[in-house]
Amino acid sequence: MEICYKRNLNQSYMFITSDPAYSGYQIHMCRQNHIHNLLQFEPVVSEGETQFRYEITGKRSLDHVLESSDFAIDMFAKMLETLLGICQEIRPYLLEEEGILLDPESIYLENGTKKFYFTYCPGRQEPVTEGFRKLMEYLLAKIKMNRWFLHLMRHIRNQQKKDFLWVKS
């Protein structure tokens, strides 16, 4: 998976080069149903290669947010709440949680509303628990912490080891 960015006069885009084994069903479901807090995308085929184009105008990636400002505990809670809501909302459409990218460069915060947006990449197969573990490790290194937050992170990590957080119903 490769990510690149392009801008024109008024808009910014993120392009993700797809794995050839992507699912047409997942693309159809994402495009036909508005799923809150998922970046909308368009498949683009060029020179035999499929890319997904995500419009990111007016949004900053999580890695840029963390470089330029403090990421407070309330923002962290809002991000997790948004992620949980997306996981619940995609189930009726039979979309896999593994398609949600949990890399800091693919999670966006809208400038005006401070809403989080996540990227869904059809055909993605990394287990969500692994992506979540990597994200938590990244955030632990970046976030201004207090005792309560450290306790919460230890609890999440212990629960994740038991696969408690992501049990599919």
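**Close-up views of a predicted model**

**View 1. Ile107 is paired with Phe118, its bridge partner in strand 8.** Ile107 takes us straight to strand 7 (residues 107-110) and strand 8 (residues 116-120), which are joined by three bridges and run antiparallel. Helices and strands here are DSSP runs, numbered from the N terminus (H or I with at least four residues for a helix, E with at least two for a strand). Two strands count as paired when DSSP finds at least two bridges between them. Residue numbers start from 1 along each chain as its sequence is written, side-chain values use heavy atoms, and hydrogens and water are left out. This is a predicted model: local features need pLDDT of at least 70, side-chain atom pairs count only at pLDDT 80 or more, and totals for chains, interfaces and linings use all residues.

**View 2. Strand 7 and strand 8 belong to an open sheet of four strands.** Reading across the sheet, the order is 5-7-8-6, and the pairing is antiparallel. Strand 5 and strand 6 (100-101) stand at the edges, each with a single partner strand, so one side of each has no neighbour in the sheet. Helix 3 (residues 73-90) packs on this sheet and touches strand 6, strand 7 and strand 8. The direction of helix 3 makes about 45 degrees with that of strand 8. Angles run from 0 to 180 degrees between N-to-C directions, and axes are lines fitted to C-alpha atoms, for helices over the stretch in contact.

**View 3. Helix 3 also packs against helix 4 (residues 128-142).** The angle between these two helices is about 170 degrees, and their axes are 13 Å apart. That makes helix 3 roughly antiparallel to helix 4 (a label for angles over 145 degrees). From helix 3, the contact is made by Phe76, Met79, Leu80 and Leu83. From helix 4, Phe132, Leu135, Met136 and Leu139 take part. Contact means heavy atoms within 4.5 Å.

**View 4. Where does Glu110 sit, and which residues does it touch?** Glu110 has its place in strand 7. Leaving aside residues up to four places away in sequence, Glu110 touches Gly58, Lys59, Lys115 and Tyr117. For one of these contacts, look at Gly58: this residue is 52 residues from Glu110 along the chain, yet their C-alpha atoms are separated by 6.0 Å.

**View 5. Another open sheet has four strands in the order 1-2-4-3.** Here, too, you can follow antiparallel pairing. Strand 1 and strand 3 (41-46) are the edge strands, and each of them pairs on one side only. On average, neighbouring strands of this sheet are turned by 30 degrees against each other, with direction ignored. Helix 1 (residues 24-32) lies across strand 3 and strand 4 (49-55). Relative to strand 3, helix 1 runs at about 135 degrees.

**View 6. Strand 1 and strand 2 form a hairpin.** How many residues lie between these two strands? There are four residues between them. Strand 1 and strand 2 pair in the antiparallel sense over six bridges. Two places help you find your way along the hairpin. Tyr5 stands opposite Met14 in strand 2, and Lys6 stands opposite Tyr13 in strand 2.

**View 7. Asn37 and Lys114 are two loop residues to look at for their backbone angles.** Most residues other than glycine have a negative phi. Asn37, found in the loop between helix 1 and strand 3, has a phi near 70 degrees, a positive value in a residue other than glycine. Lys114 sits in the loop between strand 7 and strand 8. The phi of Lys114 is also positive, at about 60 degrees, although Lys114 is not a glycine.

Note on methods. Angles under 35 degrees count as roughly parallel, over 145 as roughly antiparallel, 65 to 115 as roughly perpendicular and the rest as oblique.
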